[in-house]
Amino acid sequence: MRVLHTSDWHLGRSFHRESLLNAQGAFVDHLIETIRSERIDVVVVSGDVYDRALPSVDAVDLCNQALRRLVGERVRTVLISGNHDSARRLGFGADLIDAAGVHLRTDPARAGEPVLVEDPSGDGQVAFYGIPYLEPELVREPWELPERTHTAALGHAMSLVRADLARRGTRSVVLAHAFVTGGRASDSERDISVGGVEHVPLSVFDGVDYVALGHLHGRQRMSETVRYSGSPVAYSFSEERQVKGSWLVEVDARGRVSAEFAEAPVPRPIATRRGRLDDLLTSADHAGYEDHWLQVTLTDPVRPKEAMERLRTRFPHTLSLSFEPEGGTQQGAVRPRLAGKPEIEVALDFVREVRGEEADPEETTLLREAIENCRIREAMA
């Protein structure tokens with residue numbers, strides 16, 4: 001059986017205020033092309049289908065298009081809810097659309113109820129168990145867990161899976177949304193430790209043929225049979241060197257697993273650049289980054305004026321700008337006394353301190369107008 005393992009679509013997410021719907025739509029196109037070219041039998045989506053519990057109308061529309069196209073390809077699709085999804089909203093109508101071959105698994109109580117798929121080669125069935133993201137505090141009481149941890153919650157869910165497997169004796173694939181110990185995080189995953197200790201040991205998944213993980217946004221192989229597919233699109237500059245896509249997994253008649261990675265398209269690459277402003281604007285070393293989304297760190301000893309505007313004359317897709325002066329900040333600098341100083345002098349002192357030079361006349365006028373407007377509003381309040 002051929003399975004395409006993907007996760008963390010985060011439909012509706014933006015990247016430094018730039019919409020990613022077109023990039024996510026391109027991934028859906030790639031997904032359909034891969035299904036056709038690789039003769040995929042089952043697609044699994046291991047959580048975080050949406051980026052928020054209340055997704056935008058456009059995000060819901062894109063998800064609807066994706067599922068409709070998957071049904072049109074006659075592949076079975078299994079999805080679970082992640083920590084970004086609303087389990088109840090994502091799971092609405094799950095029993096009704098099961099018949100279409102789309103299986104939404106968002107209820108923890110059903111973790112031990114598999115989606116059974118006939119192997120087209122005639123080698124029997126494969127059981128797909130969808131374990132949605134488990135908030136320890138919400139499942140602790142109904143499952144009578146001894147502690148409020150992700151390990152306890154996921155361990156109980158896996159005990160339900162193993163109990164069902166023992167009765168069936170079939171090959172098995174588990175979908176889960178969790179942070180496995182040893183995994184490498186990026187800057188774009190939401191912290192899940194609020195509900196208890198977030199990490200779970202790899203051993204919690206013992207006893208199944210393949211585990212399709214979601215949550216971490218970089219593709220990772222925790223073992224030969226336990227993998228993260230990562231997100232299909234980069235959601236932070238920390239993912240600059242990650243290759244995005246899905247795992248193409250084959251489970252043979254004996255439950256042995258092989259996997260290769262199907263790379264997704266990159267509509268616009270991301271990169272980080274560092275240096276002095278004049279060098280960034282003129283050096284040929286940066287010529288290959290003019291069409292990238294960029295995070296730029298300027299190292300000029302004095303903060304340049306209109307830095308973002310000037311950068312965008314060469315790099316129109318610069319999204320993030322920070323300053324780290326060469327040699328670091330001055331140590332032991334005397335802080336100006338603020339008590340009794342007029343507001344305009346405090347503001348001008350601030351400009352002088354952070355930029356290393358005086359505000360020009362135009363900037364001074366703007367600061368005076370801003371201070372005066374604040375006074376007027378305060379008087380009217």
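Here are a few exercises, with worked solutions, on a predicted model.

**Exercise 1. Work out how helix 1 and helix 2 are set against each other, and what sort of residues meet there.**

*Solution.* Start with the stretches: helix 1 covers residues 21-38 and helix 2 covers residues 57-72. Next, take the axes, which come within 11 Å and cross at roughly 5°. Angles under 35 degrees count as roughly parallel. Helix 1 and helix 2 are therefore roughly parallel to each other.

Now look at who touches whom. On the helix 1 side you'll find L21, Q24, G25, V28, D29, L31, I32 and I35, and they meet D58, A59, L62, A66, R69 and L70 of helix 2. Sort the residues of this contact between helix 1 and helix 2 by class and you get nine nonpolar, two polar and three charged.

**Exercise 2. Trace the sheet of six strands and find its edges.**

*Solution.* Go through the strands in order: 6-5-4-1-15-16, an open sheet with mixed pairing. The edges are strand 6 (102-105) and strand 16 (257-263); each has a single partner strand, so one side of each is left without a neighbour in the sheet. Neighbouring strands here are turned by 20° against each other on average, direction ignored.

Zoom in on one pair. Strand 4 (residues 42-46) and strand 5 (residues 76-80) run parallel and are joined by five bridges. To spot the pairing in the model, find V45, which stands opposite L79 in strand 5.

Then add a helix. Helix 1 lies across strand 1 (2-6), strand 4, strand 15 (245-251) and strand 16, and runs at about 165° to strand 1. Angles over 145 degrees count as roughly antiparallel.

**Exercise 3. Do the same for the sheet of three strands.**

*Solution.* The order is 17-18-19, the sheet is open and the pairing is parallel. Strand 17 (270-275) and strand 19 (318-323) are at the edges with a single partner strand each, so one side of each has no neighbour in the sheet. From one strand to the next, the twist averages 15°.

For the pair of strand 17 and strand 18 (residues 293-298), count six bridges in the parallel sense. A handy landmark is I270, opposite W293 in strand 18. To finish, place helix 8 (residues 307-314): it lies across strand 18 and strand 19, at about 135° to strand 19.

**Exercise 4. Find the largest cavity and say what lines it.**

*Solution.* A search of the whole structure turns up one cavity of 30 Å³ or more. The largest cavity holds about 70 Å³ of space. Its lining includes I131, P132, Y133 and L134, along with H150, A153 and L154. Helix 6 (150-168) and strand 9 (171-177) each supply at least two lining residues, and helix 6 gives the most, with three. As for class, the lining has 10 nonpolar, two polar and no charged residues.

**Exercise 5. Describe the second largest pocket: its space, its lining and its biggest contributor.**

*Solution.* First, the space: about 400 Å³. Next, the lining: there are 22 residues, and the closest to the centre of the pocket are V233, A234, V266, P267 and R268. Then the contributor: helix 1 gives the largest share of the lining, three residues. Last, the classes: the lining divides into 14 nonpolar, three polar and five charged residues.

Notes: Residues numbered from 1 in each chain as written. Predicted model: local features only at pLDDT ≥ 70, side-chain atom pairs only at ≥ 80, totals over all residues. Heavy atoms only, no water. 1 Å grid on protein atoms, 1.4 Å probe; cavity = no way out; pocket = protein on both sides within 12 Å on 5 of 7 lines; lining within 4 Å. Points joined across faces, edges and corners; volume = space filled by probe spheres on them. Helix = DSSP H or I, 4+ residues; strand = E, 2+ residues; numbered from the N terminus. Nonpolar A, V, L, I, M, F, W, Y, C, P; charged D, E, K, R; others polar. Axes fitted to C-alpha atoms, helices over the stretch in contact; angles between N-to-C directions. Parallel < 35°, antiparallel > 145°, perpendicular 65-115°, else oblique. Contact = heavy atoms within 4.5 Å. Pairing = 2+ DSSP bridges.
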